[in-house]
Amino acid sequence: MDGSEPPRPGLFAIPFGVPFLPALAAHLAARFPDPLALARAHVLLPSNRARRALVEAFLEAAHGRALLLPRLSAIGQIDEDDALGRFADEDGPELPPPIPPLARRLALARFLLPACDGAAVADRLARDLARVLDTLEAHGIAPDRLADLALPDMAAHRERGLRILEAVTRHWPELLAARGATDPVARRERLLASLAARWAEAPPPAPVIAAGFASAPPSVARLLARIARLPGGAVILPGLDPGIAPDLWEAIGAAPTHPLHGLHRLLSDMGLTPADARPLAGGPTQPDRVAAMAAAFRPAASPAIPRVAPPPGLVLLEAAGPDEEALAIALAMRRALETPGRTAALVTRSRALAARVVAALGRWGLEVDDSAGQPLALRPPGVFLLALADALAARFRPIPLLGVLKHPLAGALSPEARAAWLGHVRALDLALRGPAPAPGLTGISARIGARDPGLLPWWETKVEAPLAGLERPFRETDRPTLAALVRALADCAEALAGDRLWGGADGRALGEVLGAVAAEPEAARLAVAREELVPFLLGHLRDTAVRPPWRRHPRLMILGPLEARLQHADLLILGDMNEGSWPALPAPDPWMAPAVRNALGLPPAEAQIGLEAHDILSATAAPTILLTRARRDAGGPTVPSRFLLRLEAAFGTLPRDAELEAALALDGQERTTPLPRPAPAPPPSERPRAIRVTEADMLAADPFSFYARRMLGLTELDPLEQPVDAIVRGTVVHRILERLVKERPADLEALIAAELAALAGDPALDILWRPRVARMVDWVARQLAARRADGWVHAFAEVKLEARWGGITIQGKADRIDRDAGGRLAIIDYKTGSAPKKKAFVEGHLRQLPLLRLLVEAGGSPEIRGGTVELLEYWKLSGGDTPGKVVGQGWPADRRAFEAALSDLFGRYLFGTAPFWPKVSPVFAKQYRSFDQLARIEEWL
């Protein structure tokens with residue numbers, strides 16, 4: 001041996017505070033001034049996003065000149081055609097093709113299905129299991145280690161999950177071999193290992209540079225170590241300080257949430273230390289700010305540092321809520337454009353905040369794309385497909401069915417066709433109001449035939465036929481295969497929406513997802529129940545991000561944290577700086593508990609927090625950093641990000657942007673002008689001259705409701721899928737009692753069953769309510785028999801009444817009127833709800849029965865001629881231990897006082913000019929709420 005030292009490894013560092021990719025592009029251009037030499041170089045990057053961003057950095061540095069770029073490869077995207085796999089001009093290992101991600105997820109779901117509650121749960125767990133398998137493979141954890149792992153005091157569900165995981169890792173290679181495929185990460189590991197071995201024996205002829213890795217699994221670290229020792233090879237790391245103190249470096253290794261913890265693991269796996277690195281670029285433009293922010297993230301075990309003044313260029317804005325935060329961000333980005341060439345980027349994990357900022361920028365005509373994309377589940381084609389699957393799972397109940405038919409894609413073949421379609425859908429909406437019809441398409445058809453037969457041709461040809469095809473897979477089995485369901489769903493969606501379903505980036509992404517599922521052999525083996533289709537599709541559509549194909553504004557960007565990594569902007573806005581967003585809290589792992597990860601030597605889940613802290617320090621390269629957060633969101637008060645709390649602990653109160661806050665104050669000024677209580681007062685000639693007996697109490701207690709109903713012609717629609725509430729139940733009981741009086745059936749059970757069948761055979765009615773109805777009807781039947789024995793020989797049900805009184809036509813309907821042999825009359829009103837109070841009746845607040853008496857005695861019914869009304873009765877029907885009772889019999893009523901009050905009421909509101917005030921008598925107006933919003937009750941009451 002000649003005693004010479006080994007060559008120093010090619011390890012370099014670009015410090016925090018320097019834009020990484022522009023500095024890398026400048027370094028490569030300076031290192032390879034010959035364009036052909038630059039083109040021969042090979043640059044390895046962590047991701048495709050970094051590769052695209054480096055291309056932009058080269059183009060920006062070239063200032064429009066033609067440029068031959070180096071070969072750029074993403075080390076996580078290796079396939080057989082990738083130059084990385086065959087860089088040394090010799091064949092690498094012959095490996096089977098990687099299993100597609102969808103096929104792997106479905107295969108794992110089918111493997112897990114016996115231990116799960118349905119295919120949707122198995123699919124969700126399979127997604128997490130695939131990530132765990134990738135982690136185990138990337139760190140070389142063999143199945144034997146899982147089998148031998150025994151931890152004391154492990155929870156039973158954790159132990160069960162670990163055993164399932166061990167079984168999957170043991171049998172998974174056999175399943176892949178039977179399919180003729182290999183696991184993607186396992187394949188990458190073998191390619192990387194083969195490449196590192198080949199480069200150790202025969203270095204590549206052209207320089208290799210690996211750049212931008214803040215952390216890496218062991219296999220990538222071993223390849224980086226080999227690159228650092230190649231002739232002309234270089235590994236360029238972001239944010240590494242070659243002069244860092246050894247004791248601080250050791251403390252960083254024990255702090256998973258530190259920004260440099262990922263680099264510590266990477267260098268340890270490479271067998272190197274920070275001292276082996278050399279600075280590549282000049283120092284940051286604001287070294288004091290970089291040093292201060294780095295010190296704010298020091299490990300807890302390191303010595304405390306005194307608080308210093310906030311560094312320049314770091315600004316905080318705290319908004320009251322998300323809308324105000326979005327407006328502040330939009331104002332900041334708009335202001336950045338005032339400086340020529342200045343760029344601005346918002347980085348946020350919250351897609352809701354990003355959407356708000358896009359909308360706020362639209363105030364100035366600025367179109368900016370959210371390059372992080374949106375889940376396909378939130379895009380129109382995805383929403384339409386999920387709505388269709390939900391309607392199928394609900395057996396086409398009215399609400400989900402109308403949700404499909406009202407979607408903008410449904411029937412939208414042309415503007416004219418869309419207008420006609422919506423007209424039919426509105427008619428269908430009206431036909432389906434009230435209690436839900438029987439489940440399925442047959443129940444919908446029967447309801448349409450009963451209420452709007454003219455709608456049947458459109459329903460049968462345009463809607464029922466496609467939906468019947470969606471039902472086809474369920475005709476032979478309750479659990480058809482996923483492939484059959486997805487094909488039927490796609491055909492039905494296309495029949496309803498046409499080719500527009502597949503248009504644009506959203507439609508293409510949906511077509512790719514559905515096509516992959518339908519063509520996947522595993523989907524033809526996985527049985528799915530009707531109710532599992534929605535959660536299954538939702539999981540896959542949420543995992544598919546739709547990104548815009550281009551960026552609309554050249555100087556404004558909205559990015560997710562992954563998209564923003566290694567990017568640069570003059571104004572960098574870190575939005576939604578709240579806990580749970582910065583950093584994102586580690587999701588609970590259903591397969592590996594923290595103790596298991598620790599026992600296997602895997603990085604803790606908290607290491608992801610360290611990577612996000614690294615992103616925060618990488619932001620120091622921006623001349624201006626704006627941190628924003630909202631103090632409240634829809635769920636209540638928010639908690640500031642731990643990163644923000646660290647900065648405030650180090651610097652005290654961060655400076656605010658006074659200009660932005662002033663602009664927000666102007667935009668948020670209260671401009672609401674209090675309006676008076678509504679008091680419509682049409683002239684007497686336009687006021688109605690007719691009233692129903694049920695509207696008299698409304699006119700007295702809430703004149704505005706009477707005005708809205710009778711003069712504006714407004715009526716409240718029955719709700720869709722109306723629950724069988726007190727109103728519906730009361731209507732059914734009244735119908736039964738009407739038939740009881742008119743038909744006198746011998747079989748009361750048959751009568752009750754026939755009427756309850758109109759409510760679509762709700763099982764709860766049969767079990768819980770039918771006995772109560774039977775007791776009510778039996779009690780009324782016995783009362784009728786007793787009345788006849790007492791001489792009340794005639795009974796009339798649902799008697800329609802109409803007469804003129806005081807210049808007003810009064811209309812009404814009596815539930816029942818009894819007559820005895822002497823001509824005496826009794827008016828009876830059934831109450832299945834609460835019974836009226838005697839005091840309200842005596843004081844004249846309950847006008848229905850006295851008005852009915854007035855109409856009867858005025859000859860308001862051709863059925864009942866003559867006679868004197870002597871009894872006004874309420875029959876309270878409960879069907880309980882006391883199935884019914886008569887209340888109000890014999891209550892006194894001063895007829896002369898009643899008629900005087902009625903004349904005064906009509907004189908003021910129907911013949912006079914009194915305004916129709918809302919809630920004149922709030923106590924008795926509680927039941928009239930249909931028009932409270934129109935009357936703006938909350939503004940003045």
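Biologist: Leaving aside its neighbours within four places in sequence, which residues is Thr620 in contact with?

Modeller: In this predicted model, Thr620 is in contact with Phe16, Gly17, Arg289, Val290, Met293 and Ile625. To count as a contact, heavy atoms have to be within 4.5 Å. You'll find Thr620 in the loop between helix 25 (607-618) and strand 13 (624-630).

Biologist: Why does Thr620 count as buried?

Modeller: Buried means under 20% relative accessible area. Thr620 has 2% relative accessibility, so Thr620 counts as buried.

Biologist: How far apart in space are Thr620 and Gly161?

Modeller: They sit 42 Å apart, C-alpha to C-alpha, and 459 residues apart in sequence.

Biologist: Let's try another one. Why does Leu11 count as buried?

Modeller: Its relative accessibility is 0%, so Leu11 counts as buried, given that the cut-off is under 20%. Leu11 lies in strand 1 (residues 11-14).

Biologist: What does Leu11 touch, not counting residues up to four places away in sequence?

Modeller: Quite a list: Val235, Leu237, Leu267, Met270, Leu272, Thr273, Asp276, Ala277 and Arg278. Take Leu272: its C-alpha and that of Leu11 are separated by 8.8 Å, although the two residues are 261 residues apart along the chain.

Biologist: Now the cores. Which residues touch the most other members in the largest nonpolar core?

Modeller: Ile227, Met270 and Leu627 do, out of 66 residues. Helix 9 (residues 218-228) gives the most to this core, with seven residues. There's another core apart from it, with 63 residues, among them Leu409, Ala410, Leu456 and Leu496.

Biologist: What makes a set of residues a nonpolar core?

Modeller: The members must be buried, come from a list of nonpolar kinds such as Leu, Ile and Met, and be joined through side-chain atoms within 4.5 Å. As a general point, nonpolar side chains tend to be buried together in soluble globular proteins.

Biologist: Leaving aside neighbours within four places in sequence, what is Leu627 in contact with?

Modeller: Leu627 is in contact with Leu314, Val315, Leu316, Leu317, Leu574, Met577, Leu644, Leu647 and Leu654.

Biologist: Helices next. Why are helix 28 and helix 29 called oblique to each other?

Modeller: Helix 28 (residues 693-701) and helix 29 pack at an angle of about 125 degrees, with their axes 5 Å apart. Roughly perpendicular covers 65 to 115 degrees, and roughly antiparallel needs over 145. An angle of about 125 degrees falls in neither range, so the two helices are oblique.

Biologist: Which residues in helix 28 and helix 29 meet?

Modeller: Glu695, Met698, Leu699, Ala700 and Ala701 in helix 28 meet Pro703, Ser705, Phe706, Arg709 and Arg710 in helix 29. By class, that contact has six nonpolar, one polar and three charged residues.

Biologist: What is Tyr928 in contact with, leaving aside its neighbours within four places in sequence?

Modeller: Asp697, Met698, Ala701, Asp702, Ser705 and Lys919. Of those, Met698, Ala701 and Ser705 also turn up where helix 28 meets helix 29. Tyr928 is found in the loop between helix 35 (895-911) and helix 36 (937-940).

Biologist: Does a loop residue get to be buried or exposed here: which is Tyr928?

Modeller: Tyr928 counts as buried, because its relative accessibility is 12% and the cut-off is under 20%.

Biologist: What is unusual to look at in the phi of Asp576?

Modeller: It's near 60 degrees, a positive value in a residue other than glycine. Asp576 sits in the loop between strand 12 and helix 24. With 17% relative accessibility, Asp576 counts as buried.

Biologist: What joins Trp582 and Pro583?

Modeller: A cis peptide bond, with omega about -5 degrees. Pro583 is in the loop between strand 12 (571-574) and helix 24 (594-600).

Biologist: Last one. How many disulfides does the count come to?

Modeller: Zero. A pair of cysteine sulfur atoms would have to be within 2.5 Å to count as a disulfide. As for single cysteines, Cys116 is buried, with a relative accessible area of 19%, and Cys492 is buried with 2%. Both values are under the 20% cut-off, so both cysteines earn the word buried.

Definitions and conventions
Residues are numbered from 1 along each chain as its sequence is written. This is a predicted model: local features need pLDDT of at least 70, side-chain atom pairs count only at pLDDT 80 or more; totals for chains, interfaces and linings use all residues. Side-chain values use heavy atoms; hydrogens and water are left out. Helices (H or I, at least four residues) and strands (E, at least two) are DSSP runs, numbered from the N terminus. Buried means under 20% relative accessible area, exposed over 50%, partly exposed in between (1.4 Å probe, protein chains only). Axes are lines fitted to C-alpha atoms, for helices over the stretch in contact, and angles run from 0 to 180 degrees between N-to-C directions. Angles under 35 degrees count as roughly parallel, over 145 as roughly antiparallel, 65 to 115 as roughly perpendicular and the rest as oblique. Ala, Val, Leu, Ile, Met, Phe, Trp, Tyr, Cys and Pro count as nonpolar, Asp, Glu, Lys and Arg as charged, and the others, Gly among them, as polar.
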